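Please load the model in your viewer and keep a selection prompt at hand. The stops below say what to pick next and what is to be found there.

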Amino acid sequence: MTDLTKDPRVRVIDLETAGKGRNDVCEIGWQDVALGSDGRWQIEQERGALLVNPGRPIAVETMAIHHILDADVAMAPYWREVASSILRPQGGVMALAAHRAAFEQRYCSPSLTGGSPWTCTWKCSMRLWPQLTSFSNQMLRYQRMPVGLVREIGPSGNAGRICHGASPT
């Protein structure tokens, strides 16, 4: 069992990829959720997104999905150079989480994550709200309308993205 007093935070991540190879990540975004002193889980203010060079051209079909171009990642660091610092931040995490976590786990190997356990938010949402019509992140945003939702930092805005050369801390 995890000691909640030691690492009372979960890092939620989202990857955009250029293919199915282990190093084909072209962007990672993250947000921490921490256990407060009042015993409630809270979204932390700090979040990040970092462009990553997949080391190969991004297919046009893939660009149409995530709107990341080869020119955007040309000078960005490679996945193997930045993954561990994001997936194993200073102070540690009790777990990593992702919507459809099995996808992220293909790119976030135990050697990069330090063997952290994973939580799948897609599976959680299906169990918590079985009456909903869909369980995608965007459908959950609008079906649930959580307090504090900031539309401007949603997927089409790319707000918070760190361009190449910036520190992922």
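**Start at Tyr107**

Select Tyr107 in this predicted model: Tyr107 is buried, with a relative accessible area of 2%. Now add Phe103, which is partly exposed at a relative accessible area of 28%. Both residues belong to helix α4 (residues 101-107), where they are four residues apart, about one turn of the helix. Together they form the one aromatic pair that the structure holds. How far apart are the centres of the two rings, and at what angle do their planes stand? The centres are 5.2 Å apart and the planes stand at 55°, so the pair of Phe103 and Tyr107 is tilted; planes would have to be over 60 degrees apart to count as edge-to-face.

**Two charges over rings**

Staying with aromatic side chains, select Arg100 together with Trp122: the charged end of Arg100 sits over the ring of Trp122, at 3.6 Å from its centre. Then move to Tyr78 and Arg80, where Arg80 lies over the face of the Tyr78 ring, 5.0 Å from the ring centre.

**The whole chain**

Zoom out and switch to a cartoon view. The protein has seven helices and six strands, and their order from the N terminus is β-β-β-α-α-α-β-α-α-β-α-α-β. Of its 169 residues, 40% count as buried. If you draw the surface, its accessible area comes to about 10,200 Å², of which 56% belongs to carbon and sulfur atoms. Among contacts between residues at least 6 apart in sequence, 53% join residues at least 24 apart.

**Strand β4 and its partners**

Select strand β4 (residues 95-98), both faces of which are covered: Ala95 and Ala97 on one side, and Leu96 and Ala98 on the other, are all buried. Adding strand β1 (residues 9-17) shows a parallel pairing with β4 that is made through three bridges, and here Val12 has Ala97 of β4 as its bridge partner. Strand β5 (residues 118-120) also runs parallel to β4 and is joined to it by three bridges, with Ala98 standing opposite Cys120 of β5.

**From β2 to β3**

From Ala97, go to Val33, which has its place in strand β2 (residues 25-35). Val33 and Ala97 are 64 residues apart in sequence, yet their C-alpha atoms are 9.8 Å apart in space. When residues up to four places away in sequence are not counted, Val33 touches Pro8, Arg9, Val10, Val12, Trp41, Gln42 and Ile43. Extend the selection to strand β3 (residues 41-51), which pairs with β2 in the antiparallel sense over eight bridges; within this pairing, the partner of Trp30 is Gly48 in β3. The hairpin of β2 and β3 has five residues between the strands, and Gly39 in it takes a positive phi near 85°.

**The nonpolar cores**

Next, show side chains for the largest nonpolar core, which has 25 residues; those that touch the most other members are Ile13, Leu15, Ile28, Trp79, Leu87, Cys108 and Trp118. Two or more residues of this core come from each of β1, β2, α3 (79-87), β4, α4 and β5, and the largest share, five residues, comes from α3. Centre the view on Ile28: leaving aside neighbours within four places in sequence, Ile28 is in contact with Ile13, Asp14, Leu15, Gly48, Ala49, Leu50, Val52, Trp79, Ile86 and Leu87. Apart from this core lies another, of eight residues, among them Cys26, Leu51, Val73 and Ala76.

**Around helix α1**

Keep Leu51 selected and add Ile68, which is found in the loop between α1 and α2 (70-73). Is Ile68 buried or exposed? With a relative accessibility of 0%, Ile68 counts as buried. Ile68 and Leu51 are 17 residues apart in sequence, and the C-alpha distance between them is 8.7 Å.

Finish at Thr62 in helix α1 (residues 60-66). Thr62 has a relative accessibility of 17% and therefore counts as buried, since the limit is under 20%. Apart from neighbours within four places in sequence, Thr62 is in contact with Thr17 and Ala18.

Technical notes:
Residues are numbered from 1 along each chain as its sequence is written. This is a predicted model: local features need pLDDT of at least 70, side-chain atom pairs count only at pLDDT 80 or more; totals for chains, interfaces and linings use all residues. Side-chain values use heavy atoms; hydrogens and water are left out. Rings of Phe, Tyr and Trp (its six-membered ring) pair if their centres lie within 6.5 Å; planes under 30 degrees apart count as stacked, over 60 as edge-to-face and the rest as tilted. Buried means under 20% relative accessible area, exposed over 50%, partly exposed in between (1.4 Å probe, protein chains only). A charge sits over a ring if NZ of Lys or CZ of Arg is within 6 Å of the ring centre and within 35 degrees of the ring normal. Contact means heavy atoms within 4.5 Å. Two strands pair if DSSP finds at least two bridges between them. A nonpolar core is a set of buried Ala, Val, Leu, Ile, Met, Phe, Trp, Tyr and Cys residues joined through side-chain atoms within 4.5 Å. Accessible areas come from the Shrake-Rupley method with a 1.4 Å probe; for residues, only the protein chains shown count as cover.
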